Amino acid sequence: MSKVQISNDHKIIRHKTPARLSHWLLVICFFVTGLSGLAFFFPDFAWLTEILGTPQIARFIHPFTGIIMFVAFVNMVRIYWHHNIPEKNDWVWLKNIVEVLKGNEHAVSDNGKYNLGQKLLFWTLILAMFTLLTTGIIMWRQYFSHNFSIPVIRIAIFLHSFSAFMLFTGIMVHMYMAFWVKGSIRGMVEGWVTVRWAKKHHPRWYREEVLPELEKELKAQQDSIK
């Protein structure tokens, strides 16, 4: 039992400032890089390059925003990787996926900071991002492509396109889930969620990581008042 009274509306930190800055930098670069890449791959979407001014400007900017996106992503991996290691409890989440989709996740799975779906997305995005960087360098005509044979460049183009599809699909799923789970977007915009939110969606994270620190903080506040 908690030693101090904690309101369900009490705010707790979900994402610290460095992680949030990296996340939103990644979002901006994702849309710039993704939309310009879509225009290069599908001629019917060539008009998207006009968002950046001209096709020439879009082609110049595309690889640089891609690199910035990769750097921002690596920083997020550095911050979050240890929370995304699959655990035995994750299989409970998977076995009860129907209940999870019904919105009853809290009743069937004792999640840590991230559930199995979020972890699978995390590792999928890592694979996609590293493949995009590697193949993008091979394809970069201005600096690197002349060092590779035509067959290698063709393979790189295929893998780059496939990885871009993986990344785009993963991000769309991520966005949908963020809107679906009320309070998630606020957690990445303002950095905080409520105790109620944590107990419902990530009870083990709240119980093992948040609650002990919260009790210390509130007890110290009470002692200072006395």
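Trainee: In what order do the elements of the chain run from the N terminus on?

Mentor: In this predicted model, the order is β-α-α-α-α-α-α-α-α-β-α-α. The chain has 10 helices and 2 strands. Along its principal axes, the C-alpha trace spans about 70 × 40 × 30 Å.

Trainee: What share of the chain counts as buried, and what makes a residue buried?

Mentor: A residue is called buried when its relative accessible area is under 20%. By that criterion, 38% of the 226 residues of the chain are buried. The chain exposes about 14200 Å², and carbon and sulfur atoms supply 68% of that area.

Trainee: How do you know what span to expect for helix H1?

Mentor: The expected span is 1.5 Å times one less than the number of residues. For the 25 residues of H1 this gives 36 Å, and the end C-alpha atoms are 35 Å apart, so the two values agree.

Trainee: Which residues of H1 are buried, and what covers them?

Mentor: The buried residues of H1 include Ala19, His23, Leu26, Phe30 and Ala39. Their cover includes H2, H7 and helix H8 (184–189).

Trainee: Why is Leu35 called partly exposed?

Mentor: Leu35 is found in helix H1, residues 17–41. Its relative accessibility is 33%, and partly exposed residues lie between the cut-offs of 20% and 50%. Leu35 therefore counts as partly exposed. Leu35 also belongs to a nonpolar patch on the surface, together with Phe31, Leu38, Phe41, Phe42, Phe45, Trp47 and Ile51. The patch has about 750 Å² of accessible area.

Trainee: Is Thr49 buried or exposed, and how do you know?

Mentor: Thr49 is found in the loop between H1 and H2. Its relative accessibility is 5%, to be set against the cut-off of under 20%; Thr49 therefore counts as buried. Leaving aside residues up to four places away in sequence, Thr49 touches Ala39, Phe40, Thr54, Pro55 and Ala58.

Trainee: What makes the pair of Ala46 and Thr49 a polar contact?

Mentor: The backbone oxygen of Ala46 lies 2.7 Å from a polar atom of the Thr49 side chain. The limit for a polar contact is 3.5 Å, and 2.7 Å is within it.

Trainee: How does the span of helix H6 compare with the span expected at 1.5 Å a residue?

Mentor: Helix H6, residues 116–139, has 24 residues and reaches 34 Å from its first C-alpha to its last. That is close to the expected 34 Å. At the N-terminal end of H6, Asn115 acts as a cap, with a side-chain oxygen 3.0 Å from the backbone nitrogen of Gly117.

Trainee: Against what do the buried residues of H6 pack?

Mentor: They pack against helix H2 (55–80), helix H3 (90–95) and helix H7 (150–180). Among the buried residues of H6 are Leu116, Lys119, Phe122, Leu125 and Ile138.

Trainee: Why is Lys119 called buried?

Mentor: Its relative accessibility is 2%, and the cut-off is under 20%. Lys119 therefore counts as buried.

Trainee: What makes the pair of Lys119 and Glu87 a salt bridge?

Mentor: A salt bridge requires a side-chain nitrogen of Lys or Arg within 4 Å of a carboxyl oxygen of Asp or Glu. The side chains of Lys119 and Glu87 meet at 3.3 Å, N to O. Lys119 lies in helix H6 and Glu87 in the loop between H2 and H3, so this pair ties together parts that are 32 residues apart in sequence.

Trainee: How do you know that Glu87 and Arg204 also form a salt bridge?

Mentor: Their side chains meet at 2.8 Å, N to O, and the limit is 4 Å. Arg204 lies in helix H10 (residues 203–225) and Glu87 in the loop between H2 and H3, so the pair joins parts 117 residues apart in sequence. Arg204 is buried, because its relative accessible area is 15% and the cut-off is under 20%.

Trainee: What salt bridge does Asp90 form, and which residues share one network?

Mentor: Asp90 forms a salt bridge with Lys119, with the closest N and O atoms 2.9 Å apart. Through shared partners, salt bridges join Glu87, Asp90, Lys119, Arg204 and Glu208 into one network. A search of the whole structure finds 6 salt bridges.

Key. Residues numbered from 1 in each chain as written. Predicted model: local features only at pLDDT ≥ 70, side-chain atom pairs only at ≥ 80, totals over all residues. Heavy atoms only, no water. Helix = DSSP H or I, 4+ residues; strand = E, 2+ residues; numbered from the N terminus. Buried < 20%, exposed > 50% of the residue type's maximum accessible area, 1.4 Å probe, protein only. Contact = heavy atoms within 4.5 Å. Polar contact = N/O pair within 3.5 Å; in protein donor to acceptor, adjacent residues only side chain to side chain. Patch = residues over 30% accessible without salt bridge, like charges linked within 9 Å, V, L, I, M, F, W, Y side chains within 5 Å. Areas by Shrake-Rupley, 256 points an atom, 1.4 Å probe, with all protein chains shown as cover.
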